Amino acid sequence: MPTTGKDVGPPGKERRVLPRYHLSKHVDIVVADGDVTYWGSLNNLSRTGVAVAIRQDLKRNQPVTVRFRMESDDGRVVIENLTATVVWKDGAYAGLEFTKPLIEGSSALKKAPY
């Protein structure tokens with residue numbers, strides 16, 4: 001299996017093929033009508049969706065946009081918006097399913113390969 005992470009090697013020798021990005025645990029949930037943005041905390045992420053901790057009342061089947069913020073090693077901020085649908089809500093947690101599953105090579109996975 002090819003690796004895009006840092007390989008074992010002499011200290012100080014960079015061997016990454018792709019830039020590394022650090023994904024913020026903070027996510028914005030933009031409600032489909034676009035006028036309301038809620039703040040949430042990333043709980044987990046898969047290729048098909050994301051679970052977030054969010055206090056606001058999201059409705060099942062509600063379309064939303066999940067806004068991820070990432071920072072590169074050189075301090076550059078990258079924002080990625082992914083459309084999703086609310087598939088479950090339980091107290092302060094919600095499950096959001098991406099409209100299109102993330103696939104190998106997608107920009108989101110390249111930015112957060114781990």
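The paragraphs below go through a predicted model, from the overall chain to single strands, the core and two loop residues.

The chain holds one helix and six strands. Read from the N terminus, the order of elements is β-β-β-β-β-β-α. Of the 114 residues in the chain, 30% are buried. The exposed surface of the chain comes to about 7,500 Å², and carbon and sulfur atoms supply 52% of that area. Taking contacts between residues at least 6 apart in sequence, 50% join residues at least 24 apart.

Strand β4 is a useful place to start. In a regular strand the side chains alternate between the two faces of the sheet. In β4, which covers residues 63–72, this alternation can be followed along the strand. V64, V66, F68, M70 and S72 point to one face and are buried. P63, T65, R67, R69 and E71 point to the other face and are not buried.

The next strand, β5, spans residues 77–90 and runs antiparallel to β4, with nine bridges joining the two. Two residues from the face of β4 that is not buried help to fix the register: R69 has I79 of β5 as its bridge partner, and E71 stands opposite V77. The two strands form a hairpin with four residues between them. In that turn G75 has a positive phi of about 90 degrees.

From β5 the chain continues into a further hairpin, with β6. Here β5 and β6 are antiparallel and share six bridges, and T85 of β5 stands opposite E97 of β6. Two residues lie between these strands, and G91 in this hairpin takes a positive phi near 65 degrees.

What lies on the buried side of β4 can be read from the nonpolar core. In soluble globular proteins, nonpolar side chains tend to be buried together. The largest nonpolar core of this model has 18 residues, of which I29, V66, F68 and L96 touch the most other members. Two or more residues each come from β1 (21–31), β3 (49–53), β4, β5 and β6. The largest share is that of β4, with four residues.

V66 shows how one β4 residue meets other parts of the chain. Apart from neighbours within four places in sequence, V66 contacts V27, D28 and I29, as well as V50. The list of its contacts also includes E80, N81, L82, A84 and L96.

F68 takes part in a ring pairing as well. How many aromatic pairs does the model contain? The count is one. F68 and F98 make up this pair, with 6.5 Å from centre to centre and 65 degrees between the planes, an edge-to-face arrangement. The partners come from distant parts of the chain, F68 from β4 and F98 from β6 (residues 93–98), 30 residues apart. F68 has a relative accessibility of 4%, and therefore counts as buried. F98 also has a relative accessible area of 4% and is buried.

Two loop residues remain to be placed. Q62 lies in the loop between β3 and β4. Is Q62 buried or exposed? Its relative accessibility is 18%, so Q62 counts as buried, the cut-off being under 20%. The side chain of Q62 reaches the backbone nitrogen of K59 at 2.9 Å. Beyond residues up to four places away in sequence, Q62 touches V31, A84, T85 and V86. Among these, T85 is the β5 residue described above as standing opposite E97.

T48 sits in another loop, the one between β2 (37–45) and β3. With a relative accessible area of 44%, T48 is partly exposed. Leaving out neighbours within four places in sequence, T48 is in contact with L96, E97, F98 and P101. Of these contacts, F98 is the ring partner of F68, and L96 is one of the core residues that touch the most other members. T48 also lies 9.0 Å from I103, C-alpha to C-alpha, although the two are 55 residues apart in sequence.

Terms used: Residues are numbered from 1 along each chain as its sequence is written. This is a predicted model: local features need pLDDT of at least 70, side-chain atom pairs count only at pLDDT 80 or more; totals for chains, interfaces and linings use all residues. Side-chain values use heavy atoms; hydrogens and water are left out. Buried means under 20% relative accessible area, exposed over 50%, partly exposed in between (1.4 Å probe, protein chains only). Two strands pair if DSSP finds at least two bridges between them. Rings of Phe, Tyr and Trp (its six-membered ring) pair if their centres lie within 6.5 Å; planes under 30 degrees apart count as stacked, over 60 as edge-to-face and the rest as tilted. A nonpolar core is a set of buried Ala, Val, Leu, Ile, Met, Phe, Trp, Tyr and Cys residues joined through side-chain atoms within 4.5 Å. Contact means heavy atoms within 4.5 Å. Accessible areas come from the Shrake-Rupley method with a 1.4 Å probe; for residues, only the protein chains shown count as cover. A polar contact is a pair of N or O atoms within 3.5 Å; within protein, one must be able to donate a hydrogen and the other to accept it, and residues adjacent in sequence count only if both atoms are side-chain atoms.
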